[in-house]
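Student: I have a new structure open on my screen and would like to talk it through. Could we take it one question at a time?

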Amino acid sequence: MKIFVTGVNGQLGHDVMNEIHKRGMEGVGSDITQSYAGMADETAVCSMPYVQMDITDADAVDRILGGVRPEAVIHCAAYTAVDAAEENEALCRRVNADGPRNIAAVCRKLDIKMIYISTDYVFDGTGERPWEPDDKQAPVSVYGRTKYEGELAVQAQLEKYFIVRIAWVFGTNGKNFVKTMLALSEKYDTLRVVNDQFGSPTYTFDLSKLLVDMILTEKYGIYHATNEGICSWYDFACAIFETAGIRMNVIPVTTAEYGAKAARPANSRMSKEKLTANGFEKLPDWQDALKRYLQEIRG
């Protein structure tokens, strides 16, 4: 199978390309830059075909996908700067809503399947029970609204689609919470971290395996996929420092005390029962994933 992957300069797209390569499958990567701009990886991304593509340019998407003729698209590209999105709504919407609409339109024309990566931010974050895939979406931020609009755009045009909602992502390529905590530990001995938002961290290495497994099937629909286990950002930060052997005074604060520009869902717990119901394996526990990740990036 030939799989076209968007957003390969980012965390998830990079690891999806790695997974495709490991399985001996044919992958074509794309991103906004003229050439691949992620971390060097001799085993995968750098040795596989790459094409520049602006997903907000419908003509370019049509021309490039029409030329590559993949059998599937895994759409990882997104505008993910949650706070910045509040002041850049038009750009965020072009990337997160118009982009997937453009890709889905070509997938429909070529009769190929598509995975669209979405987010826990499509929910309003109320309550404490895990969100089910079919629960009502009511995003509370520009980022969440535009990702939900992307979901609707894919659903309106395709039958052969997977929508996979993920959360709290960390991977070797690009920026993430784990790397931020490690970098801050070199400058400070005390950090304030939010303790009233709950969810599940997601290691892109683990997630990429699931996505490639999924695209090989016809078990279409909406899924949730994170590593197993629930924690707060404060819990996550404490685990990072403990696992890395770093002494750090971590002070729990509320979301209001922290004062982020964009609203965040307090409850990002998501049910993954639909994965097992459809024959897919759940991802390992997030603490196990964190340990493996730190070994990968720190040696």
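Student: Happy to start at the beginning of the chain. Is Phe4 buried or exposed?

Tutor: Good place to begin, and keep in mind that this is a predicted model. Phe4 sits in strand E1, residues 2-6. Its relative accessibility is 0%, and buried means under 20%, so Phe4 counts as buried.

Student: Which residues does Phe4 touch, leaving aside those up to four places away in sequence?

Tutor: Contact here means heavy atoms within 4.5 Å. By that rule, the partners of Phe4 include Val28, Ser30, Val51 and Met53. The rest of the list is Ile64, Leu65, Val68, Pro70, Ala72, Val73 and Ile74.

Student: How far apart are the C-alpha atoms of Phe4 and Tyr143?

Tutor: Along the chain, Phe4 and Tyr143 are 139 residues apart. Tyr143 belongs to the buried residues of helix H5. In space, the C-alpha atoms of Phe4 and Tyr143 are separated by 24 Å.

Student: Now that H5 has come up, what distance separates its end C-alpha atoms?

Tutor: Helix H5 covers residues 142-157, which is 16 residues. At 1.5 Å a residue, H5 should span 22 Å. The computed distance agrees with that, at 23 Å.

Student: Which elements do the buried residues of H5 pack against?

Tutor: Among the buried residues of H5 are Val142, Gly144, Ala153 and Val154. The buried residues of H5 pack against helix H3 (82-85), helix H4 (89-110), strand E5 (113-119) and strand E6 (161-166).

Student: Let's move on to H8. Which residues of H8 are buried?

Tutor: Helix H8, residues 233-244, has twelve residues and reaches 16 Å, close to the 16 Å expected. Its buried residues pack against several elements, including helix H6 (177-185) and helix H11 (286-298). The buried residues themselves are Trp233, Tyr234, Phe236, Ala237, Ala239, Ile240, Phe241 and Ala244.

Student: Which residue takes a positive phi just after H8?

Tutor: H8 ends at residue 244. Just after H8 there is a positive phi of about 70°, and the residue that takes it is Gly245.

Student: My last topic is cysteines. How many disulfides does the structure hold?

Tutor: A disulfide needs two cysteine sulfur atoms within 2.5 Å. The sulfur closest to that of Cys76 is in Cys107, 13 Å away, which is too far for a bond. Cys92 is in no disulfide either, as its nearest cysteine sulfur, that of Cys76, is 17 Å away. The number of disulfides in the structure is zero.

Conventions:
Residues are numbered from 1 along each chain as its sequence is written. This is a predicted model: local features need pLDDT of at least 70, side-chain atom pairs count only at pLDDT 80 or more; totals for chains, interfaces and linings use all residues. Side-chain values use heavy atoms; hydrogens and water are left out. Helices (H or I, at least four residues) and strands (E, at least two) are DSSP runs, numbered from the N terminus. The expected span of a helix is 1.5 Å times one less than its number of residues. Buried means under 20% relative accessible area, exposed over 50%, partly exposed in between (1.4 Å probe, protein chains only).
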